[in-house]
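Let's walk through this fold together, from its sheet to the helices around it. Please keep the structure open as you read.

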Amino acid sequence: MTRNHWFRSAAVLSAIALTMAGVGLGRARPLGAQSQGPANEFNDSHFHLTNYVQQGIDVPAFLGIMANRVSRSTLFGIPLQQQWSYANSGDYAPTYYLQSDAPLYYYSFTDAHVASAYLKLTPAQRARLDPMITGFNPADMYGVDHVRRVLTTFPGVFTGIGEFSIHKEFVSAKIAGETASLTNPALDRILAFAAEAGLVVILHNDLDMPFAKPDAEPVYLTQVKALLKRHPKTTIIWAHVGLGRIVHPVRVSAAAAERNPSQLELVVAMLTDPALAHVSFDISWDEVAKYAIATPDSITRVAGVLNQYPDRFLFGTDTVAPAGPAPYYAVFDMWAPVWRLLTPEASLKVRKGNYERIFDEGRRRVRAWEAANVK
Ligand SMILES: [Zn+2]
């Protein structure tokens, strides 16, 4: 048992939640469920229309997948393009960053692609989507100028910036040019402009290095907290709660539990820090869902934190150009054991309410900035 170092009040709350499970989202749904789930079940705070070679599905196809089960969604591509280097992989055309040793580069046209697709939609379709700007280099002092230029070129379209990455396992090191850093003033310029224009920020930053040793302080924790605290007026969503495919939740051995906090305790420490009140977390990515539902104990602990801080978490799928409803909805359905333990209030906020609050405010503020700045 690990009861000593897991967050105690979370366990108490989860016990309360357990007794309320019958009134939560306790529906079982068969694996590979389709879009004919309950209407308006969730909003998707993290969705990629295209992949690492800028291929994917078109927006009408995505609206078809959303059908009436998903009310609203973010909309972004992937800012990085995997080069097809003939010298490296010959006739093999890589579509993912792990499939080639060739570098990735910033593909800024992604923003024009998303904007033109959005502008072809009807007003009713547009109202369901929040396009995001991603095609900027966060290691370039000029990166912020790209963001401003996209807003002035396509007014009325974008709600925020991201998902963009600073530290991401395998990816950061592959990007051509200077490696991004949490201490680079180029990033501060971008986050400062996001505050000025009201842009919602979705930031990917692994909390730790891949295969980190148990009991070690997560390497990027200090830097990421300092960065977030430098930008108290920027609305920031930290993607995946800082986790990655092989950036595991921070683990502590029983012997070290008194000294070192676990992943959930690190998150709770951030949630209770008044200097980080502008930061929310998305629980997107099936890799994150895997950690959350790994054991009955993890399910209870995660549900406990969501119930205690229901205003600070957003559900997202982090699916990339899904081929159809089955792979798209599989991520939401993975969370079923956690949904069952949430209070109705927490469940509604994580699935929908926080999205509406944050992205509605982003829309309102960005439109106001455009009205004042776009001639
Ligand atoms: Zn993503």
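Helix 2 (residues 59–66) lies across strand 3 (70–75) and strand 6 (129–133), and its direction makes about 145 degrees with strand 3. Helices (H or I, at least four residues) and strands (E, at least two) are DSSP runs numbered from the N terminus; angles run from 0 to 180 degrees between N-to-C directions, and axes are lines fitted to C-alpha atoms, for helices over the stretch in contact. This is a predicted model, where local features need pLDDT of at least 70 and side-chain atom pairs count only at pLDDT 80 or more, while totals for chains, interfaces and linings use all residues. Residues are numbered from 1 along each chain as its sequence is written, and side-chain values use heavy atoms, with hydrogens and water left out.

Strands 3 and 6 belong to an open sheet of eight parallel-paired strands in the order 1-3-6-7-8-9-10-11; two strands pair if DSSP finds at least two bridges between them. At the edges, strand 1 (42–44) and strand 11 (313–314) each pair on one side only.

Further along, strand 8 (residues 200–204) pairs with strand 9 (residues 236–238) in the parallel sense over three bridges, and I202 stands opposite I237 of strand 9. Helix 9 (residues 263–271) packs on the sheet here, touching strand 9, strand 10 (279–282) and strand 11. It runs at about 150 degrees to strand 10.

Now look at two helices together: the axes of helix 6 (residues 143–153) and helix 14 (residues 344–373) come within 10 Å and cross at roughly 80 degrees. Helix 6 and helix 14 are therefore roughly perpendicular (65 to 115 degrees). R148, L151 and T152 of helix 6 meet V366, W369 and E370 of helix 14, contact meaning heavy atoms within 4.5 Å.

Terms used: Angles under 35 degrees count as roughly parallel, over 145 as roughly antiparallel, 65 to 115 as roughly perpendicular and the rest as oblique.
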